[in-house]
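The following exchange concerns the structure shown below. Please consult it alongside the answers.

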Amino acid sequence: MNPQADAAPTKSAANAVPNSAPQESAAEAAEPPDEDLRKPATAAEAAAAIDLSTFPLLPDAGEITTRTVACLDYEARLKAFDVRNEYEFQRRNLLERQWKALSESDSSAGYAEGQFVRSGFHLYVTVQLHDEPGKVLVRLRNNGNVNVSKLPVPAGAEFVNLNYNIASYETSVGVEETKEAVRKLLVDQGWKVLGWRGNRLILQQNAVELTSVVESRSAQPGKTRIAYWTVQLSTDSREPADAYLSEYEVQDNAR
């Protein structure tokens, strides 16, 4: 996917937005199976579900980039030119902690990823080859407990798909009008506007950061896309005590 065209997050880049699934028509897309509407978790509630700052590391773990309650990034030595054993280590430890695999993992010799759920929390795991031979990169990220498919959308917006905890909708209403409608709906639901990051509206409630994208569909003139996704934070405040928070510099132009 082209992140500029569809503002969809890429699953391989830490600072980019997560990648959306191939586009379907609203009529073809299945309804999201999760019907629960949950209040965004606090940092303590997230830690009770899983504390990634204490999650086991691979035996040959090396440099740790991030190790907080909600995000774990590190590198490790690779014993063979295949990351599947390193991914299996993550999967096994999660299953032992009563996490459930959301679907079959997607894996190859050089890349493996999977999604896991527990008590409404959504965890995303990737293991991939490092640029440096003989090393692997591991990331576990808690995307929070918010059911993004249950966040409010303007009247007439149609559900498109839910993939990698990203809910997508489309409407025939223009971008600017839809942006304002989305902002008001989310604020009315208790989300605090922090600012804008390009065409992305950044909000927070408790220790969950919500990103909302409203953009024109380059492949479908006259259509506007709405997308929501969340990230669990390791602190209820915006103070960058959490290394993961420091990735984000939100503009001071909140409405």
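Reader: Against which strands do the buried residues of α3 pack?

Author: This is a predicted model, in which local features need pLDDT (the predictor's confidence in each residue, from 0 to 100) of at least 70, side-chain atom pairs count only at pLDDT 80 or more, and totals for chains, interfaces and linings use all residues. Residues are numbered from 1 along each chain as its sequence is written, and side-chain values use heavy atoms, with hydrogens and water left out. Helices (H or I, at least four residues) and strands (E, at least two) are DSSP runs, numbered from the N terminus. By contacts (heavy atoms within 4.5 Å), the buried residues of α3 pack against β2 (71-77), β5 (111-118), β6 (121-129) and β7 (135-142).

Reader: Which residues of α3 are buried, and why do they line one face of the helix?

Author: Buried means under 20% relative accessible area, with a 1.4 Å probe and protein chains only. In α3 this applies to Glu86, Tyr87, Phe89, Gln90, Asn93 and Leu94. They line one face because, seen down the axis of α3, the directions from the axis to their C-beta atoms fall within an arc of 150°.

Reader: What span should helix α3 have?

Author: Helix α3 comprises the 13 residues 84-96. The expected span is 1.5 Å times one less than the number of residues. The end C-alpha atoms are 18 Å apart, which agrees with the expected 18 Å.

Reader: Over which residues does pLDDT stay under 50?

Author: The chain averages a pLDDT of 81, and 79% of the residues score at least 70. pLDDT stays under 50 over residues 1-32 and over residues 240-255.

How values were computed: Buried < 20%, exposed > 50% of the residue type's maximum accessible area, 1.4 Å probe, protein only.
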